[in-house]
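Trainee: Before we accept the labels attached to a model, I should like to see each one argued from its value.
Mentor: Then let us look at the model and take the labels in turn.

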Amino acid sequence: MSKTDQRGQRVPPARALASRPQWQALQRHAATMRKRHLRDLFAADADRGTHFALEAAGWHFDYAKQRVDAETLKLLLRLAEACALRERIAAMFRGDRINTSEDRAVLHVALRMPRKRRLIVDGVDVVAQVHAVLERMAAFCDRVRAGAWRGHTGVAIRHVVNIGIGGSDLGPVMAHEALRQHCDRSLDLRFVSNVDGSDFVEAVRDLDPARTLFIVCSKTFTTQETLANAHAARRWCLDALGDERAIARHFVAVSTNRGEVEKFGIDPANMFGFWDWVGGRYSMDSAIGLSTMLAIGPARFRELLAGFHAMDEHFRKAPLARNLPVLHGLIGIWNTNFLGIASHAVLPYAQYLKRFPAYLQQLLMESNGKRVTHAGKPVGVDTCPIVWGEPGTNGQHSFYQLIHQGTRAVACDFIGFCESTSALTAQHDLLIANMLAQGEALAFGKTAAQVRAEGVPAALVPHKVFDGNRPSNTMLARRLDPAALGALVALYEHSTLVQGAIWDIDSFDQWGVELGKVLTRRIADELSAAKTPRLTHDSSTNALIRRYRRLRGNS
């Protein structure tokens, strides 16, 4: 019996990805392409650098140094059509429940839709709801930034500590670092995420409690690590100020659980909500971005949202063949599944983007690190590569040796900006020269003949040969500002959806984090129990628990 979607249209029966003719055509093509070198591809097309590039939302995307040709792209686009990618994109923007395992819509795109837009989901205009929260956030941020919001003792707030974990931390801390040049430097922002108590202790070591505001970010207000740090902050505040009423002036919440927020002592009037259609790793432009708005101000935050929206509209409207996130995602499929490249390095040549690779680790690996399809069947092919990276040029003196001459290929994304964020413009030229040089070196390498022509002794020639043929993208924008950051994040968000659509996985759930949480609660009780507990774990875990208790003096 055939199934129908939410619009009553027939859904064709699922077909194993690797058995699709479009997939098999790509496999045959890959057998040919693996024998071709980027040197040959560039020699065959003098204008390859123009032909394999496009622009969208302020970003120039150069994929000429990928091991693809026109046939590769044609076959990838046929695969995308066979996997109904265009319909998956439309379903997200409509508000269909494409997060099937949790029966939820996926509407982070609604967080940055302009006020004039309407999007009705389950009878509610979600865009109107979003702007109502944005207005409350802006009013609050204006008061704090102007010194009108006062702490319990009547002095203005000068320190803000964001307490969260995962998407409630990685997005805000990345955005704060990325946009430091746009921040109000008289407002000191700090971030606490690790349940390791030293994270909290170091964050507040030199702060004045009377001037400190805590933002507790937890959708359910039950997240174990976040609540542990929130209660540590509560004790720290009360130890200094000595009055329960101080909590209402020094704590606000980003949550949907009014009851737990109130029980903590936070005034519900100072709770900023969001919705179950906002996944944690897609939430930096929701109320989770309250710390970002405090730092850069409501006007700049609107610029950030506008950058997101510009890339959203490009993704929604552009033909697949000229669609930046689509091509980025499909090239990732090509590298992972047909060239066997299991590692993806994100290399921003911008110090302010130092936390961007960590942010993308969650976005990409939590989204697409899945082994079964929507229907619960094995995917049958590799899914998300391992994502990692560091800012250039630091990485060049660390791991680039492996990228250039190691035995495993690494697909690289280079990210740069044409304008310097500092007055040291000559250094910026050197920075970007390094970025462009690395892409060129990875693509073309250096042959043994070239090395010998330089007069290198024969014994050293093998050591100085670079095979090249190592793929990379280069993304270039004019300047690192809120709009550029928003568009860049949206690019990766949508690239993630593209790959999830091809693999037919749910990119918006994260069941893989649940088992560890369940076991943690059990083991935490066993570690702290007054009497020696009866342990029923495996022999290794049991032995480690006993050793920990003995060294802590609990046994």
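The exchange below concerns a predicted model and sets its values against the definitions.

Trainee: What makes Trp-275 and Trp-277 a stacked pair?
Mentor: Two values decide it. The ring centres are 4.9 Å apart, and a pair requires centres within 6.5 Å. The planes stand at 5°, and stacking requires an angle under 30 degrees. The pair is therefore stacked. Trp-275 and Trp-277 are both buried as well.

Trainee: How many aromatic pairs does a search of the whole structure find, and which residues do ring pairs link into a cluster?
Mentor: The search finds 20 aromatic pairs. The cluster linked by ring pairs consists of Phe-200, Phe-214, Phe-221, Trp-236, Phe-251 and Phe-264.

Trainee: Phe-264 also has a charged group over its ring. How do you know that the charged end of Arg-234 sits there?
Mentor: The charged end of Arg-234 is 5.5 Å from the ring centre of Phe-264, and the distance limit is 6 Å. The definition also sets a limit of 35 degrees from the ring normal; Arg-234 is listed as sitting over the ring. Likewise, Arg-48 lies over the face of Phe-42, 5.4 Å from the centre of that ring.

Trainee: How do you know that Cys-217 is in no disulfide?
Mentor: A disulfide requires two cysteine sulfur atoms within 2.5 Å. For Cys-217 the nearest cysteine sulfur belongs to Cys-141 and is 12 Å away, so the criterion is not met. For Cys-237 the nearest is the sulfur of Cys-217, 17 Å away, and Cys-237 is in no disulfide either. The count of disulfides comes to zero.

Trainee: Why are Cys-217 and Cys-237 called buried?
Mentor: The term applies under 20% relative accessible area. Cys-217 has 1%, and Cys-237 has 1%; each is therefore buried.

Trainee: Why does Asp-312 count as buried, and what is it in contact with?
Mentor: Its relative accessibility is 1%, so Asp-312 counts as buried. Asp-312 belongs to helix α13, residues 298-317. Leaving aside neighbours within four places in sequence, its contacts are Phe-93, Val-109, Arg-112, Ala-490 and His-494.

Trainee: Why does Leu-353, in the loop between β12 and α15, count as buried?
Mentor: Leu-353 has 0% relative accessibility and therefore counts as buried. Not counting residues up to four places away in sequence, Leu-353 touches Ala-178, Pro-348, Ile-415, Phe-417, Leu-480, Leu-485 and Leu-488. Leu-353 and Arg-180 are 173 residues apart in sequence, yet their C-alpha atoms are 10.0 Å apart.

Trainee: What makes β8 and β11 edge strands?
Mentor: The open sheet has the order β8-β7-β9-β10-β11, with parallel pairing. Strands β8 (188-192) and β11 (271-272) each pair on one side only.

Trainee: How do you know that β7 and β8 are paired?
Mentor: Pairing requires at least two bridges, and five join β7 (residues 159-163) to β8 in a parallel arrangement. In this pairing, Asn-162 stands opposite Phe-191 in β8. Helix α8 (residues 197-204) lies across β8 and β9, running at about 170° to β8.

Trainee: How many bridges join β3 to β4?
Mentor: Four bridges join β3 (residues 53-56) to β4 (residues 59-62), and the strands run antiparallel. Leu-54 has Phe-61 in β4 as its bridge partner. The hairpin has two residues between its strands, and Ala-57 takes a positive phi near 50° there.

Conventions. Residues are numbered from 1 along each chain as its sequence is written. This is a predicted model: local features need pLDDT of at least 70, side-chain atom pairs count only at pLDDT 80 or more; totals for chains, interfaces and linings use all residues. Side-chain values use heavy atoms; hydrogens and water are left out. Contact means heavy atoms within 4.5 Å. Axes are lines fitted to C-alpha atoms, for helices over the stretch in contact, and angles run from 0 to 180 degrees between N-to-C directions. Rings of Phe, Tyr and Trp (its six-membered ring) pair if their centres lie within 6.5 Å; planes under 30 degrees apart count as stacked, over 60 as edge-to-face and the rest as tilted. Buried means under 20% relative accessible area, exposed over 50%, partly exposed in between (1.4 Å probe, protein chains only).
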